[in-house]
Amino acid sequence: MSGKTYALMFIGIILGGCVGYGISLVYIPEAVDNYFPDNYRAKFDGLTETYRDLSGMYDAAVSEIDGLGGDIADLQASIEELQGHYEDLTEAHTALEGDNAALQEAYLSLIGEHEALGEALNETQESYDALLMQYMIVTGEAPFTPQTPPEGTIRKDFAWAYGDETWAITLYIPEHLYDYYSNKTRLSTADYSVYVTHPLDDDYISTIIAEFHDIAAAEGYDEVQQVELVVAFVQSLPYTSDDVSTGFDEYARYPIETLVDGGGDCEDTSILTSAFLDGMGYGAVLFNLPDHVAVGVDVDHYGNYWLHEDVKYYYVETTGEGWDIGDIPEEHQGHTAIVYPIIPVPIITHDWTGSTLNHRLTLVANIQNVGTGDAEHFKLLVAYEGDGGEIWNAVESTFFDLAVGEETTINLVANEPRGVHTRIVVRVLDAWGNVMDETHSAWLDTS
Ligand SMILES: [Ca+2]
Ligand SMILES: [Ca+2]
C-alpha cells in the first residue's frame, strides 16, 4: 500500500467516527443527555412546549381571522344592499318632490280660478240686481222669482231718484227685529224721538247708513248732498195713512216697520229720516206741528228753520218727493213747532186703584218707564180737582228713580174734600214738576 492510500484510509476512519458519533446524538437521547448538561435539556423542552402553545394560538388566530373575514364579507353585502335601498328611496323621493311641485302648481292655479269665479259671480250678482231694479223701475213689479233671502230676513228692494240718477239698494231686514217692533205696544207720547232712540235697531240702521255712505263716497257728495240723498230715499217711500194701513189713526212706526211696510205717514217717515240722520252724526230733531210731524237738521243751508238751544234746524219734509231742505209745504207754514231732540227720554205710564173709607182715599199706583232714558227724581201726586181746575188736598210721594223698562208701586193716602163736585187726579211729575203722565177718575159728588 502506498502512502497515499494510507492517508486516505486514515481520513476515512476519522470521517466515519465523526458520522457515527453524530448519528448517536440524534437517535439516542441518552447520548444528548450524556453530551449536554441537564438544564439545557429542560430549557429545550420548555421552548418546545412554548412553541407548541404559540403554534396552537397561531392556528386559533388564523381560524378567527378566517371567521372575521366571513363576517366582513357579510357586512359588505349588507352595505351594498342598503346602498341599493338608499338609491331606490332617493329616486322615489325625487319623484315625489316632482309630484308635490306639480300638485302645488295645480293647487295655486285652482285657487286663482276660484277667485276669478268668485269675482265673476259677484259681478253677475250685481248686474242681476241692477237689471232687476231697472226692470222694477220700468214696470213697477218684480219680474222673476226673487232670490231666496238669507234665512230669517225679509228682502226689500228700494229704488229712488237723486241728482239725475236712480239709486237702488236691497235690504235683508232681520225678521226678529220686525217682529219685535211690530209687536211692541205703542207709546202714548207726542215725543216720537223714543222711536228713534230705542237701541235694538241701531246696528241694523248702521248697515243701511253704510250703503248711503258708499254712494256718497263714490259720488263725492258733501254733507248737504248726503242729507239730500237720504231724504230723497225716504221721500220716495209711498205715503200710507195709518187708518188704512193699521186700522187706527196715529200709529207711530219704528224705523224697521216703515222699511218693511214700505212706507208710512208723516211721523213714520220723520222717525225713519231722523234715525238715519242721527245715525250719520248730523244734529237732527223732530218738529211737532198741528197735525203734522217733520224733521229738523243742523246743516249749512237756507230756507225755513226753527231755533233750538241756539242751533238752526232746517225744516225737512219727509212725505212726498221734491221737497228741498228748508221747504215747508204751505199748509204747515206759520205755526209753532214743538222741538224734540233725538236723545233718550223716559216715557212714563201708570194705572191705579183707589178705595175711600171715612173720607180718606187710599191710592195704589203702578208706574212704568217704557221710554229709552232713565227717570230720576220723579214723584207721584194725587189730588182732587174741581171743575174750574182747582186742586184740593194734593199729596205727593217722595222722589223715586225708575230705570228703562222698570216699574214700581206707590201707595198714597189723601183726604176727600166734603160736599164738592170733583174728580181724583193722579200725576207723575219729573224733577222739575213737569207732568209726565196724568189720569183722572170719573166725576163724583162728595158728601
Ligand atoms: Ca234706534
Ligand atoms: Ca204712522
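**Group meeting talk: a helix, its neighbours and a nonpolar core**

Let's start with helix α7, whose buried residues are Gln-226, Val-227, Glu-228, Leu-229, Val-230, Val-231, Phe-233, Val-234 and Gln-235. Please keep in mind that what you see on the screen is a predicted model.

So what do those buried residues of α7 pack against? Their partners are two helices, α6 (202-219) and α10 (266-279), and three strands, β1 (153-162), β4 (292-297) and β6 (311-316). As for the helix itself, α7 runs over residues 223-235, which makes 13 residues. From the first C-alpha to the last, α7 reaches 18 Å, close to the 18 Å expected at 1.5 Å a residue.

Let me step back for a moment. The chain has 447 residues, and 22% of them count as buried. Its secondary structure comes to ten helices and 16 strands. If you take the contacts between residues at least 6 apart in sequence, 58% join residues at least 24 apart.

Now follow me from the helix to one of its partners, β4. Is this strand mostly covered or mostly open? Mostly covered: five of the six residues in β4 are buried. On one hand, β4 pairs with β3 (residues 284-289) in the antiparallel sense, over six bridges. Within that pairing, Leu-286 stands opposite Val-295 of β4. The two strands make a hairpin with two residues between them, and Asp-291 in the turn has a positive phi of about 55°. On the other hand, β4 also pairs with β6, again antiparallel, over three bridges. There you can find Gly-296 opposite Tyr-315 of β6.

Next, the core. As a general point, nonpolar side chains in soluble globular proteins tend to be buried together. Which members of the largest nonpolar core here touch the most other members? Out of 65 residues, they are Tyr-192, Val-230, Phe-287, Val-295, Val-297 and Val-316. This core lies between domain 2 (153-341) and domain 3 (348-445), because both of them give residues to it.

Take Val-316 as an example. Leaving out its neighbours within four places in sequence, Val-316 is in contact with Val-231, Thr-273, Ala-294, Val-295, Gly-296, Val-297 and Ile-325. You have already met Val-231 among the buried residues of α7.

Let's move along the chain to another sheet. It is open and has three strands in the order β8-β9-β13, with antiparallel pairing. The edge strands, each pairing on one side only, are β8 (348-357) and β13 (407-415). From one strand to the next, the twist averages 20°. Strand β9 (residues 360-369) joins β13 through nine bridges, in the antiparallel sense. One bridge to look for links Leu-363 with Leu-412 in β13.

I'd like to finish with two histidines. His-359 is in the loop between β8 and β9, and it has a positive phi of about 60° although it is not a glycine. Is His-359 buried or exposed? It counts as exposed, because it has 12 C-beta neighbours inside 10 Å, and a residue with 12 or fewer is classed that way.

The other one is His-377, which is found in strand β10 (residues 375-386). His-377 also has a positive phi of about 60° without being a glycine. With 12 other C-beta atoms within 10 Å, His-377 is exposed as well.

Thanks for listening, everyone!

Technical notes. Residues are numbered from 1 along each chain as its sequence is written. Chains are lettered from A and ligands numbered from 1 in the order in which they are written. This is a predicted model: local features need pLDDT of at least 70, side-chain atom pairs count only at pLDDT 80 or more; totals for chains, interfaces and linings use all residues. A nonpolar core is a set of buried Ala, Val, Leu, Ile, Met, Phe, Trp, Tyr and Cys residues joined through C-beta atoms within 7 Å. A residue is buried if 20 or more other C-beta atoms lie within 10 Å of its own, exposed if 12 or fewer, and partly exposed in between; C-beta atoms are placed from the backbone. Domain bounds come from an automatic or database domain assignment. Two residues are in contact if their C-beta atoms, placed from the backbone, lie within 7 Å. Two strands pair if DSSP finds at least two bridges between them. Helices (H or I, at least four residues) and strands (E, at least two) are DSSP runs, numbered from the N terminus. Axes are lines fitted to C-alpha atoms, for helices over the stretch in contact, and angles run from 0 to 180 degrees between N-to-C directions. The expected span of a helix is 1.5 Å times one less than its number of residues.
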